[in-house]
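Visitor: I am in my first year and would like to learn how the labels on a protein model are earned. Could you walk me through this one?

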Amino acid sequence: MPHAVLRGYRWGGASAEYDQGVEPAARSTARFECSRGHVFTVPFAADAELPSRWSCRRHGLEDCARIKDTAVDSIGGHRPKPRRTHLDMLHERRSAADLEKLLAEALTAIRRQGGPRPGRVHVGDRTYSFSYDS
């Protein structure tokens with residue numbers, strides 16, 4: 001292969017082949033529990049022999065026992081976790097009543113300043129800057 005063809009590639013870089021039409025290998029998932037009560041899963045190939053013991057990555061403990069039989073799942077068969085939005089994370093930290101109160105305080109502070117001009121709003125113990133787009 002001429003040197004000019006390899007230009008722009010690096011060792012361990014992404015492949016130049018397309019992923020279209022490629023089916024991922026079937027896999028099975030084994031659940032383990034460490035002695036500190038941490039439960040974790042480890043994916044294996046579907047045809048692999050599953051170990052009865054595994055080491056915990058979080059605590060570094062060896063000899064964690066497998067606690068459940070495997071469930072074979074394909075890559076397309078499992079449902080991923082739903083994405084957490086900013087609003088979801090906000091609801092984790094504050095109740096709906098607290099958010100309503102903060103919104104009311106912010107709106108009164110904005111109205112108090114009057115008019116569509118940039119400014120600052122004091123809500124609670126924080127100061128926020130804002131501007132209106134014309």
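Visitor: What makes R84 and E92 a salt bridge?

Guide: This is a predicted model, and in it the closest N and O atoms of R84 and E92 are 3.0 Å apart. The cut-off for a salt bridge is 4 Å between a side-chain nitrogen of Lys or Arg and a carboxyl oxygen of Asp or Glu, so 3.0 Å qualifies R84 and E92 as a pair. The background is simple: side chains of opposite charge can pair when their charged atoms come close.

Visitor: How many salt bridges turn up in the whole structure?

Guide: A search of the whole structure finds one.

Visitor: Are its two partners buried or exposed, and how do you know?

Guide: Exposed means over 50% relative accessible area. R84 has 52%, so R84 is exposed. E92 has 55%, so E92 is exposed as well.

Visitor: Why are C34 and C56 not called a disulfide?

Guide: Their sulfur atoms are 4.1 Å apart, and a disulfide needs them within 2.5 Å, so the distance is too far for a bond. For C56, the sulfur of C34 is the closest cysteine sulfur. The structure holds zero disulfides. From the side of C34, the nearest cysteine sulfur is likewise that of C56.

Visitor: Why do C34 and C56 count as buried?

Guide: Buried means under 20% relative accessible area. C34 has 4%, so C34 is buried. C56 has 3%, so C56 is buried too.

Visitor: Which residues make up the largest nonpolar core?

Guide: There are eight: A30, F32, C34, F40, V42, F44, C56 and C64. Strands β1 (27-33) and β2 (39-45) each supply at least two of these residues. The largest share, three residues, comes from β2.

Visitor: What is V42 in contact with, beyond its neighbours within four places in sequence?

Guide: V42 is in contact with S28, T29, A30, F32 and W54.

Visitor: Why are the rings of F32 and F40 called stacked?

Guide: A pair of aromatic rings is described by the distance of the centres and the angle of the planes. The centres of the F32 and F40 rings are 5.8 Å apart, which is within the 6.5 Å limit, so the rings pair. Their planes are at 25 degrees, which is under 30, so the pair is stacked. F32 and F40 are both buried.

Visitor: How many aromatic pairs are there, and which residues do ring pairs link into a cluster?

Guide: The count is three aromatic pairs. Ring pairs link F32, F40, F44 and W54 into a cluster.

Visitor: How do you know that β1 and β2 are paired strands?

Guide: Pairing takes at least two bridges between the strands. β1 and β2 have seven bridges, so they pair, and they do so in the antiparallel sense. Among the bridge partners, R31 is matched with T41 in β2, and S28 is matched with F44 in β2.

Visitor: What lies between these two strands, and what does G37 do there?

Guide: The hairpin of β1 and β2 has five residues between the strands, and G37 takes a positive phi near 90 degrees.

Visitor: Which residues of β1 are on its covered face, and which on its uncovered one?

Guide: S28, A30 and F32 are on the covered face, while R27, T29, R31 and E33 are on the uncovered one. As a general point, in a regular strand the side chains alternate between the two faces of the sheet.

Visitor: What makes P43 exposed?

Guide: P43 has 53% relative accessibility, and the cut-off for exposed is over 50%, so P43 counts as exposed. P43 lies in strand β2. Leaving aside its neighbours within four places in sequence, P43 is in contact with R27, S28 and T29. P43 and A30 are 13 residues apart along the chain, with 6.4 Å between their C-alpha atoms.

Visitor: How many helices and strands does the chain have, and in what order do they come?

Guide: The chain has three helices and six strands. From the N terminus on, the elements run α-β-β-β-β-α-α-β-β. Of the 134 residues of the chain, 13% count as buried.

Definitions and conventions
Residues are numbered from 1 along each chain as its sequence is written. This is a predicted model: local features need pLDDT of at least 70, side-chain atom pairs count only at pLDDT 80 or more; totals for chains, interfaces and linings use all residues. Side-chain values use heavy atoms; hydrogens and water are left out. Rings of Phe, Tyr and Trp (its six-membered ring) pair if their centres lie within 6.5 Å; planes under 30 degrees apart count as stacked, over 60 as edge-to-face and the rest as tilted. Buried means under 20% relative accessible area, exposed over 50%, partly exposed in between (1.4 Å probe, protein chains only). A nonpolar core is a set of buried Ala, Val, Leu, Ile, Met, Phe, Trp, Tyr and Cys residues joined through side-chain atoms within 4.5 Å. Helices (H or I, at least four residues) and strands (E, at least two) are DSSP runs, numbered from the N terminus. Contact means heavy atoms within 4.5 Å.
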